[in-house]
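Good morning, colleagues. I should like to spend a few minutes on the strand pairing in the model now being shown.

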Amino acid sequence: RITDQCREPAPVLVEEAPALPEPTPREGPPEFILQVTRADQLTADLAETAPDRLYVPGELLAAVPDGLAPFLERGTPITAVLPRIVTDEERPDLRELLATLKAMGIHEALVGSLGLIPAVREAGMLPRGDFGLNLSNARAIRRIGGAGLGSVTASFQLSAQQIRRLSGFGNVEMIIYGRVPVMLAESCVIRQSSGRCSCSTPTSMSDAFGNVYPVARDFGCRNVIYDARKIFLADKPEVYENAGLWGVRLLFTTESARECADVARRYRGQNRYLPNNTSRGLYGKGAL
């Protein structure tokens, strides 16, 4: 009877996963990557820290191309950072943005969701994987590498030891400085708090413990809520320098132009600058 068949559990097909190849540790120092979120952070002082690569929001690249001059003069490759969420209604805007960026000579885009990879490849650009892909194991990194990504960013919920174990399975990047996003809000917190759209005005949220979480505008008038503390590992270079990583990234969000340059110089070993309100993140123990 049909009712009896419905009570029967559906058969589960289990296939043994193929064995992973032996990891191939990467030799040499990782690329030194800087990521900015605001136009005023693009300064000649920051360019003088000689980053190997610069990540800039795609919208910002299209709006203020002149800010890239100090970096382009040094031959720094530029990668466009794409939003993590793009709805079907917003896809025409994204395609237009990608076409504009390609015409400007931008050949790479950082993606935080799988759905953006085809759009980037169709635009003739190389996709790189951001933390939004939440890559946390070797099989995921090998599989996503098959989608033609030039590099991937390890989840910042992993421990440093776990990330080191992943580095032999692809071009793995690690965020070693900055405020990491804790929430992406569809409803504009800034508009609700001020009663009008004032995305350029600094806004923050606080919790019952007095921690202050900066709020910034994102693509489509969404909001990114950042952690109250900044990851800081400049005094622990052994954590990332010899981990076989493809790249290490400094993520600048609320920092002033001067602080961006000071932090970058600290990681370059050129000063002893110490930002306030820092933490080790989850790299000491991991959450996954």
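Ala80 has Ala109 as its bridge partner in S4. That contact belongs to the pairing of strand S3, residues 78-81, with S4, in which 3 bridges are formed in the parallel sense. I should state at this point that the model is a predicted one.

How does the chain pass from S3 to S4, and with which hand? Helix H5, residues 91-103, lies between these strands in sequence, and S3, H5 and S4 together make a right-handed β-α-β unit.

Let us now turn to the other partner of S4. Strand S4, residues 108-111, runs parallel to strand S5, residues 126-129, and the two are joined by 4 bridges. Within this pairing, Glu108 has Leu126 as its bridge partner in S5, while Val111 stands opposite Gly129. From S4 the chain crosses to S5 by way of helix H6, residues 117-122, and this β-α-β crossover is right-handed.

Finally, the side chains of S4. Which residues point which way, and are they buried or exposed? Glu108 and Leu110 point one way from the strand, whereas Ala109 and Val111 point the other way. All of them are buried, Glu108 included. Thank you for your attention.

Definitions and conventions. Residues are numbered from 1 along each chain as its sequence is written. This is a predicted model: local features need pLDDT of at least 70, side-chain atom pairs count only at pLDDT 80 or more; totals for chains, interfaces and linings use all residues. Side-chain values use heavy atoms; hydrogens and water are left out. Two strands pair if DSSP finds at least two bridges between them. A crossover is right-handed if, with the strands pointing away from the viewer, the path from the first strand over the helix to the second runs clockwise. Buried means under 20% relative accessible area, exposed over 50%, partly exposed in between (1.4 Å probe, protein chains only).
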